[in-house]
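Reader: I am in my first year and find a whole chain hard to take in at once. Please pick a single part, look at it closely, and then work outwards from there.

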Amino acid sequence: MTLDDIILQTITPTSHNLGDFRVHRSLPVKERTMVGPFIFFDQAGPAQIAPGQGIDVRPHPHINLATVTYMYEGAFLHRDSLGTEQLIEPGAVNLMTAGKGIVHSERSPEPDRARASKLSAIQTWLALPDAIEEMDPAFEHVGEGGLPVIEDSGARARVIMGSLWGETSPVTTYAHTIYADIQLAPGGRIAIDASADERALYVSGGDAMLDGQMLSPQTLYVLRPGTSATLRSVDGGRLVLCGGEAFTSPRHVWWNFVSSRPDRLMQAREDWEALRFPLIPGDDQEFIPIPQGRPKTVSYP
């Protein structure tokens, strides 16, 4: 079996320099907007942060989606308009459900600002099913010890969301979702089964092969439905497996907003400009302004 028999689509992310670190964005792109419910996929870093410096993602809004933050290295202090204040560190997961509207910020915690620190994370958005797009906002945090880990044949996989390899994550899912952090030791291997309608593998570091075919780093590989394969590494590598059920209704994306209805995106824009979104307790002095210019939405399918 060749790689073309397994891989449906190969996506090379766009890279953005945000000053102290780079972000590699694989979704959405012109060729493909979603893999299962995943409609946004970023690798942030890895980056070295100098003493006295830090990351400040100022307050900004979301609607009709859920954000998932998963740290490789470093930490973020999450605050939101529900009053949540939660430190997230490696191996833990933050799930913030925007629903009808939420505002949040992510900043380097003060202890990290006082010394040299590192930052490396995977940040994703999940589209919400039509019937619950306007649900009440919610937030949940599951610490490193709360996520199941599978260790076998030189592979260590943490199940972030959904059910994989006989284990199930406690993190809430709104549609069928799979999400895992896979670390392969030199010579390690793990089976990738046909466990969802749509699946993708992202090589975040090191080397990896799929059924003996080499994969490129910082690349998202969308797998053909129904196929199974074995993931291996020669010198060690780290990957993300993500996906879930295929959405049958279109999704529209503009700035930080996702919705099944284009008019809802414009309403959210007007609400943010008119300061109608709720404020974040303890972080209400700054905000990210709405982008200027005519909105251009991206739609799927």
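**Strand 10 and its surroundings**

Author: Strand 5 and strand 10 run antiparallel to each other and are joined over 5 bridges. This is a predicted model, so every statement here is about the prediction. One of the pairs can be named: His-62 has Ile-102 as its bridge partner in strand 10. Strand 10 also pairs with strand 7 (residues 76–80), again in the antiparallel sense, this time over 4 bridges. In that pairing, Glu-106 of strand 10 stands opposite His-78.

How much of strand 10 is buried? The count is 6 of its 6 residues, so strand 10 is largely enclosed by the rest of the structure. The burial holds for both faces: Ile-102, His-104 and Glu-106 point one way, Val-103, Ser-105 and Arg-107 point the other way, and all are buried.

Part of the surroundings is a helix. Helix 3 (residues 262–273) packs its buried residues against strand 10 (102–107), and also against strand 5 (56–62), strand 25 (251–254) and strand 26 (257–259). Helix 3 has 12 residues and spans 17 Å from its first C-alpha to its last, close to the 16 Å expected at 1.5 Å a residue. Which residues of helix 3 are buried? They are Arg-264, Leu-265, Ala-268, Arg-269, Asp-271 and Trp-272. These cover an arc of only 165 degrees around the axis, which puts them on the same side of helix 3. An α-helix has 3.6 residues a turn, so residues three or four places apart point the same way. After helix 3 comes Leu-275, with a positive phi near 60 degrees.

The next two residues lead away from strand 10. Glu-133 is in the loop between strand 11 (117–127) and strand 12 (138–142). Is Glu-133 buried or exposed? Its relative accessibility is 3%, and because buried means under 20%, Glu-133 counts as buried. Neighbours within four places in sequence aside, its contacts are Asn-64, Gly-99, Lys-100, Leu-128, Arg-251, Ser-259 and Ser-260. Among the elements already met, strand 25 (251–254) and strand 26 (257–259) are packed against by the buried residues of helix 3.

Thr-67 is in strand 6 (residues 65–73). Thr-67 is buried too, with a relative accessible area of 7%. With neighbours within four places in sequence left out, Thr-67 is in contact with His-62, Asn-94, Leu-95, Met-96, Thr-124 and Trp-125. His-62 has appeared before, as the bridge partner of Ile-102 in strand 10.

Strand 6 belongs to an open sheet of 7 strands, in the order 2-3-4-11-6-9-12, with antiparallel pairing. Where are the edges of this sheet? They are strand 2 (14–17) and strand 12, each of which pairs on one side only. On average, neighbouring strands of this sheet are turned by 15 degrees against each other, direction ignored. At one end of the order, strand 2 pairs with strand 3 (residues 22–27) in the antiparallel sense over 4 bridges. There, Val-23 in strand 3 is the bridge partner of His-16.

Strand 6 also leads to the nonpolar interior. In soluble globular proteins, nonpolar side chains tend to be buried together. The largest nonpolar core here has 27 residues, and Met-161, Tyr-179 and Val-240 have the most contacts inside it. Strands that each supply at least two residues of this core include strand 4 (38–49), strand 6, strand 9 (93–97) and strand 11. Strand 6 gives the most, with 4 residues. Val-240 serves as an example: leaving aside neighbours within four places in sequence, its contacts are Phe-41, Tyr-72, Ile-122, Tyr-179, Ala-180, Ala-200, Leu-201 and Tyr-202. Apart from this core lies another, of 26 residues, among them Ala-155, Ile-178, Leu-201 and Leu-241.

One further sheet completes the tour. In it, 4 strands form an open antiparallel sheet in the order 18-23-20-21. Strand 18 (189–192) and strand 21 (213–215) stand at its edges with a single partner strand each, so one side of each is left without a neighbour in the sheet. The twist averages 30 degrees from one strand to the next. Strand 20 (residues 208–210) pairs with strand 21 in the antiparallel sense over 3 bridges, and Leu-210 has Gln-213 as its bridge partner in strand 21.

Key:
Residues numbered from 1 in each chain as written. Predicted model: local features only at pLDDT ≥ 70, side-chain atom pairs only at ≥ 80, totals over all residues. Heavy atoms only, no water. Pairing = 2+ DSSP bridges. Axes fitted to C-alpha atoms, helices over the stretch in contact; angles between N-to-C directions. Expected span 1.5 Å × (residues − 1). Buried < 20%, exposed > 50% of the residue type's maximum accessible area, 1.4 Å probe, protein only. Arc of directions from axis to C-beta. Contact = heavy atoms within 4.5 Å. Core = buried A, V, L, I, M, F, W, Y, C linked by side-chain atoms within 4.5 Å.
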